[in-house]
Amino acid sequence: MLLLAITGAIGRATAEPLPVVEVADGVFAFQGVHAEMNAANRGGIANIGFVIGHDAVAVIDTGGSVEEGRRLLEAIRLRTDLPVKWVVLTHMHPDHVFGTAAFGGQDAAVVAHAHLNVALEARFDHYLAANRAVMGEALLEGVVRVPATVEVADTRTIDLGGRVLDLVAWPVSHTDNDLTVYDRATRTLFSGDLVFLGHTPSLDGSLVGWLRTLDRLAAVPALRVVPGHGPVPSPWPAAIEPERHYFEVLAADVRAAIAAGTPLSAAVGTIGRSEAGKWELFDDFNARNATAAFAELEWE
C-alpha cells in the first residue's frame, strides 16, 4: 500500500464532527452549501463522504479546508475505529481536495484520475492564492498540495473487506481528471462534479465530452447518487436530467450564435439565459460556461 505523502504532515486534532447523513448502509455523506468558497462557509461547499467496509474505510473527497478534512475524520471516528486506507479524490478543484492533508497520519493511499497530479501541480498555487483572498489565511492553514499515490487511467476496484468499490476514470468532461466511485453493496454512486443539482454546473473541460459522459454514466446501475453539489442523496439516473438539459440548451444557443456570425462578446449575455430561473449561482457560472463552450464549438 502506498502511503499518503505530505510535506510537513499535519497531526490529527480534535474537531467538531462534520454533520453527515447515512445515505445507505455504511455510506455517509456531507452536503455542502450552494456558494463559492468564502470565509462564511469555511470552504464547505462540496458534497464529500466515506464508505465503511469490514476491514477499512474509504474517504471520497476531503473538502475545502484542512479543518473540514479533520471534521470529516472525526465523523468517521464517531462511527468506526477501522483504518482509513483510501482517500479518493474525484477531481482537482479546491472544494474537493483542500482537506486532504488532514488524513496525513492515516497511512492512506491517495487515489485519483491519472491526470490529476499534472492538473493539480499546474493550478494549485493559483487555487491557494485565489482562495486566500476570499477565505483568509487562517482558514487555509495547513493546506498543501497532496499528490495521488495511486493513479487510475481506466478502472480500478478497491476492497474494503466485504465491500467493493468500482472506480472509473472518465474522458475530459467537467475537468480532464474526473473519477467516480460506485459502491456495489448499496448501489450508491459518488459522481463528483460530473453531476450538479441546483447549483449551476461549472464547465472546466469539454461540453461535448461531458454530454457523452452523461450518456455512459446513465448506464451505471445505481439506485442513488451523491452528486458533487446538490441534494444528498438524489435518485439515479433522474439526477442527471436537469444538467443534461442545461448543457443541451447551452450547446444549441452557442451553435445558433456561431451560425449567425454573432461574436462571443455579443452572444455571451444571451447564451443559456432561458435556464436562469432553474439554477442557483447562475450569474456566477453561466457566462464562464458560455465562453468555454463557444471556444470549443467554434471549430467543431
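1. Over residues 45-229, the chain is 25% helix and 29% strand. The C-alpha atoms at the two ends of this stretch are 8 Å apart. The model is a predicted one. An unreviewed UniProt entry annotates residues 45-229 as "domain: Metallo-beta-lactamase".

2. An open sheet is formed by 6 strands, in the order β8-β9-β10-β11-β12-β13, with mixed pairing. The edges are taken by β8 (155-159) and β13 (234-235); each has a single partner strand, so one side of each is left without a neighbour in the sheet.

3. At the β13 edge, the partner is strand β12 (residues 224-229), joined to β13 by 2 bridges. The two strands run antiparallel. In this pairing, Val 225 has Ser 234 of β13 as its bridge partner.

4. Helix α4 (residues 207-217) packs on the sheet, where it touches β10 (179-183) and β11 (188-196). The direction of α4 makes about 165° with that of β11.

5. Away from these elements, Leu 82 deserves a separate point. Leu 82 sits in the loop that lies between α1 (66-77) and β5 (84-88). Is Leu 82 buried, partly exposed or exposed? Its relative accessibility is 23%, and buried means under 20% while exposed means over 50%, so Leu 82 counts as partly exposed.

6. Which residues does Leu 82 touch, not counting those up to four places away in sequence? They are Ile 52, Gly 53, His 54, Asp 55, Ala 56, Val 57 and Arg 77. For one of these contacts, His 54, the separation from Leu 82 is 28 residues in sequence and 8.1 Å in space, taken C-alpha to C-alpha.

How values were computed:
Residues numbered from 1 in each chain as written. Predicted model: local features only at pLDDT ≥ 70, side-chain atom pairs only at ≥ 80, totals over all residues. Heavy atoms only, no water. Pairing = 2+ DSSP bridges. Helix = DSSP H or I, 4+ residues; strand = E, 2+ residues; numbered from the N terminus. Contact = heavy atoms within 4.5 Å. Axes fitted to C-alpha atoms, helices over the stretch in contact; angles between N-to-C directions. Buried < 20%, exposed > 50% of the residue type's maximum accessible area, 1.4 Å probe, protein only. UniProt positions renumbered as here; feature names shortened; annotations may be inferred.
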